[in-house]
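Trainee: Could we go through a chain together, with its secondary structure, a pocket and a surface patch as topics?

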Amino acid sequence: MRYEELKSEPHAQLRRLAQFLGRPFSPEEENMEMVDQITSLCSFGSMSKLQVNSTGHLLPGLSNSSFFRNGQVGEGNKCLTPEMAAKLDHITQEKFGGSGLKL
């Protein structure tokens, strides 16, 4: 699951995640619009507005709000040089190679 997929089809990706975790949504949960509720609660807008994420600190000098930019696909390209992105891709491949996860 990639961020781009999550942004473009959040309901389908949430169902996919639930299935992967062995907890697919029941027909009753679907009828109760549970997928919509979870998608709304876990949206970038909701998460970034939580008090802990707007005022909390992970470590002294490191605000939780620094983990939120604007939630737009491709935004990382504005923050990383091509060399930095390539280095992150290399590290990710090195750490997760053989796991079945794809970049």
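The questions and answers below take these topics in turn.

Mentor: This is a predicted model, in which local features need pLDDT of at least 70 and side-chain atom pairs count only at pLDDT 80 or more, while totals for chains, interfaces and linings use all residues. Residues are numbered from 1 along each chain as its sequence is written, and side-chain values use heavy atoms, with hydrogens and water left out.

Trainee: In what order do the elements of the chain run from the N terminus on?

Mentor: Helices (H or I, at least four residues) and strands (E, at least two) are DSSP runs, numbered from the N terminus. The chain has eight helices and two strands. Their order is α-α-α-α-α-α-β-β-α-α.

Trainee: Is L21 buried, partly exposed or exposed?

Mentor: L21 sits in the loop between α2 and α3 (27-31), and M1, Y3, L6, L17, F20 and V73 join L21 in a nonpolar surface patch of about 700 Å². Buried means under 20% relative accessible area, exposed over 50%, and partly exposed in between (1.4 Å probe, protein chains only). Because its relative accessibility is 57%, L21 counts as exposed.

Trainee: Which helix supplies the largest share of the lining of the second largest pocket?

Mentor: Among the residues that line this pocket, L6, T39, C42, S43 and F44 are the closest to its centre. α1 (3-8), α2 (10-20) and α4 (34-41) each supply at least two residues of the lining. The largest share, four residues, comes from α2.

Notes. 1 Å grid on protein atoms, 1.4 Å probe; cavity = no way out; pocket = protein on both sides within 12 Å on 5 of 7 lines; lining within 4 Å. Patch = residues over 30% accessible without salt bridge, like charges linked within 9 Å, V, L, I, M, F, W, Y side chains within 5 Å. Areas by Shrake-Rupley, 256 points an atom, 1.4 Å probe, with all protein chains shown as cover. Salt bridge = Lys/Arg side-chain N within 4 Å of Asp/Glu carboxyl O.
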